[in-house]
Amino acid sequence: MNCLYADINGLTLAYSDQGTGLPIVFLHAFPLNRTMWAQQEDALSGRFRIITIDLRGHGESDAPLWHYTLDQSADDVRALLDHLGIRQALFVGLSMGGYILFAFYRKYALRVNGIILADTRAQADTEEGRSGRFQMAQTAYTKGPSAIADIMIPKLLSPATIQTKPEIVQKIRGMIEGNQISGIAGDLMAMAERPDSVSLLPQITCPTQIIVGELDQPTPPSDAKLMAEKIPGARLATIPATAHLSNLEQPETFNQIVVTFALELGRGKKD
Ligand code: MLT
């Protein structure tokens, strides 16, 4: 993946921009970075313009020590689109990337011509979920990012992947351990404070595809079904034998869904 930098909203953001055609912007999960989309960029950049971003606090982007919000990340994405001269794009957000997409849609719906929500949910955190975020931030502070990798890997990947695909496990561990504690804690605060987006769902008027791994635990198929029921005309694809990081565990199936959706969007077909 190429690594480009842009000075945006007072910090430096890293991103990659590969290919030409319909722009597709990929927003990554917590606590990873844009390289989780490497197989999407490889497979799709021959037909589309693939943009992947290290969201603030992640990867090679700055991770300031301060208060983070998902609205700020949405503003960063919009500023990067302006920097690249892109008026509208198809957006793919996985998990936290999906939460940021809801924030983005609330503020900048006119910049969106289609949405793919993968392994994410519209509901806000429960009280228990918020207190879990606080505990995880304390763990990051006292034990460092490798302790976060120990907690997160079993949530992100299926047991079969963990047992049989050590290269994927290592890749995820490397991404998590490459983050700064300020970014990890900042994201946890931002996710804990995010508003409920269930009431936004009926107002999403652009073509929408939802994807979920059958074995996803953090954002299970029931969350995907709720989004599919409430977003007008949304389609739902469930990928069998796959957990939370469906794009990494089943890249061919995931990519095929994205390509089909993007080609239809390019032709102006709504559903
Ligand atoms: C993610 O994959 O982005 C996180 O699991 C989302 C979350 O913790 O809610």
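**Two pockets and their linings**

Me: Into which groups do the residues of the lining of the largest pocket divide, and how many are in each?
Reply: In this predicted model, local features need pLDDT of at least 70 and side-chain atom pairs pLDDT 80 or more, while totals for chains, interfaces and linings use all residues. Residues are numbered from 1 along each chain as its sequence is written, and side-chain values use heavy atoms, without hydrogens and water. Ala, Val, Leu, Ile, Met, Phe, Trp, Tyr, Cys and Pro count as nonpolar, Asp, Glu, Lys and Arg as charged, and the others, Gly among them, as polar. The lining of the largest pocket thus holds nine nonpolar, six polar and five charged residues.

Me: How much space lies in the largest pocket?
Reply: A pocket is an open set of points on a 1 Å grid over the protein atoms alone where a 1.4 Å probe fits, with protein on both sides within 12 Å along at least five of seven lines; lining residues have an atom within 4 Å of a point. Points are joined across faces, edges and corners, and probe spheres set on them fill the volume. For the largest pocket this is about 490 Å³.

Me: Which residues are the closest to the centre of the largest pocket?
Reply: The lining consists of 20 residues. Closest to the centre are Arg121, Arg133, Met136, Lys155 and Pro218.

Me: Which element gives the most to this lining?
Reply: Helices (DSSP runs of H or I, at least four residues) are numbered from the N terminus. Two or more residues each come from H3 (96-108), H4 (127-143), H5 (145-156) and H8 (181-192). With five residues, the most comes from H4.

Me: Which element gives the largest share of the lining of the second largest pocket?
Reply: This pocket, of about 270 Å³, is lined by 16 residues, with Ala137, Gln138, Ala185, Gly186 and Met189 nearest its centre. H4 and H8 each give two or more residues. The largest share, seven residues, comes from H8.
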